[in-house]
Amino acid sequence: MSHLKDELKKLSRDLRAWLKDQDENLIYTSAVPSDNAPANIDSVEDLMAETEKNEAMAAAEHLFFQAAAEKKFEPQKKISLESLREQVIACRDCPLGISRLNPVFGIGSPKAKLMFVGEGPGFQEDHQGEPFVGRSGQLLDKIMEKVLSLRRSDVYIANIVKCHPMKNPETPEAHSNDRPPAPDEIEKCRHYLEEQIRIIQPVCIVPLGSVAAKFLLKTNKGISFLRGHVYDYESDIPGLRHTIKVIPTYHPAALLRNQNLKRDTWHDILLVKDLLDSASQ
Ligand code: SF4
């Protein structure tokens, strides 16, 4: 922004010089009687200061939009995963931030080609501050290792919301207290996930379960309809260098409840493997 400040200083100097060259009486008499003149303008100096401020603001606006249009700078500053994590730790933008035990930012490699996205932290995650731990997490680790030959540290795992959505927020120590995030909670938190995607720029995102799949694919269709296919990630996240693919599959917790979903999940993860293999050739 230093060039912007220099431009404004120069503009301010030019404007001051121009005003001094003008007939002060003319400025004074034309400005003071006006109904639109600000109430506190009662001298040429005040008028100059006010004019200077308005002109400077207009110039700043103009320069900002010109630079943005020319993509000299992104309106949103690029930040690292670490500083984003700090923001999440401090965040209380929705009620989930008040009742959570720990924020659950995300884990894995910032250079991951594969990203898993769930809906939100549950009981175990809230206690440990890490996504997909407990039995669901162990199953996800097993699927990654067996089919993709990848470990947790090779991929990136995150959730749409970073704090535990609870049925009863007053009892975070209670089991069976998990619920899906509400639409307004998702809306408040989505920019953290989108920033994670922008920083990591994976080849492929695998939404785990209906909530994550609907969110990433902007649809109301359920996971059993959406799974089994490869989609383009259509987002307005600025600065993405390539089209990210989305391959939705079942949430590991659903697999633990229903063994019949294993075959379809296996098929989906093989789609992921084919995609990663062809991307690395
Ligand atoms: S869920 Fe997201 S928006 Fe809400 S408090 Fe946690 S980090 Fe902030």
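This passage describes the fold, the nonpolar core, the ligand surroundings and some single residues of a predicted model.

The protein chain has 281 residues, of which 28% are buried. Its secondary structure comes to 12 helices and 6 strands. Among contacts between residues at least 6 apart in sequence, 72% join residues at least 24 apart.

The 6 strands form an open sheet with mixed pairing, and their order across the sheet is E1-E3-E2-E4-E6-E5. At the edges of this sheet stand strand E1 (107-108) and strand E5 (231-232), each of which pairs on one side only. Strands E4 and E6 run parallel and are joined by 2 bridges. Opposite Ile205 stands Val246, a residue of E6. Helix H9 lies across E2, E4, E5 and E6, and it runs at about 135° to E4.

The largest nonpolar core contains 40 residues. The residues with the most contacts inside this core are Met115, Phe116, Val117, Val155, Ile205 and Val206. At least two core residues are supplied by each of strand E2 (114-118), H7, strand E3 (156-159), helix H8 (183-200), strand E4 (204-207), H9 and H10. Helix H8 provides the largest share of the core, with 6 residues. The surroundings of one core residue, Val206, can be given in detail. Leaving aside residues up to four places away in sequence, Val206 touches Leu114, Phe116, Ile247, Pro248, Thr249 and Val272.

The ligand has 14 residues around it, and those that come nearest are Cys91, Cys94, Gly97, Cys163 and Cys189. Two elements, H5 and H8, give two or more residues to this shell. Helix H8 gives the most, with 3 residues. By residue class, the shell divides into 8 nonpolar, 1 polar and 5 charged residues. Helix H8 thus appears in two settings: it gives the largest share of the nonpolar core, and it gives the most residues to the shell around the ligand.

Arg100 is found in the loop between helix H5 (96-99) and E1. Arg100 is buried because 23 other C-beta atoms lie within 10 Å, and the cut-off for a buried residue is 20 or more. Not counting residues up to four places away in sequence, Arg100 touches Asp126, Cys163 and His164. One of these contacts, Cys163, is also among the residues that come nearest to the ligand. Arg100 and Pro172 are 72 residues apart in sequence, yet their C-alpha atoms are 7.2 Å apart in space.

Two loop residues were examined for their backbone angles. Most residues other than glycine have a negative phi. Phe132 has a positive phi, near 50°, and is not a glycine. The phi of Lys218, likewise a residue other than glycine, is positive and near 50°. Phe132 lies in the loop between helix H6 (123-128) and helix H7 (134-148), whereas Lys218 lies in the loop between helix H9 (210-217) and helix H10 (223-226).

The surroundings of these two residues are described by counts of C-beta atoms. Phe132 is buried, because 26 other C-beta atoms lie within 10 Å. Lys218 is exposed, because its count within 10 Å is 9 other C-beta atoms, and a residue is exposed if that count is 12 or fewer.

Definitions and conventions
Residues are numbered from 1 along each chain as its sequence is written. This is a predicted model: local features need pLDDT of at least 70, side-chain atom pairs count only at pLDDT 80 or more; totals for chains, interfaces and linings use all residues. Helices (H or I, at least four residues) and strands (E, at least two) are DSSP runs, numbered from the N terminus. Two residues are in contact if their C-beta atoms, placed from the backbone, lie within 7 Å. A nonpolar core is a set of buried Ala, Val, Leu, Ile, Met, Phe, Trp, Tyr and Cys residues joined through C-beta atoms within 7 Å. Two strands pair if DSSP finds at least two bridges between them. Axes are lines fitted to C-alpha atoms, for helices over the stretch in contact, and angles run from 0 to 180 degrees between N-to-C directions. A residue is near a molecule or strand if its C-beta atom, placed from the backbone, lies within 6 Å of it. Ala, Val, Leu, Ile, Met, Phe, Trp, Tyr, Cys and Pro count as nonpolar, Asp, Glu, Lys and Arg as charged, and the others, Gly among them, as polar.
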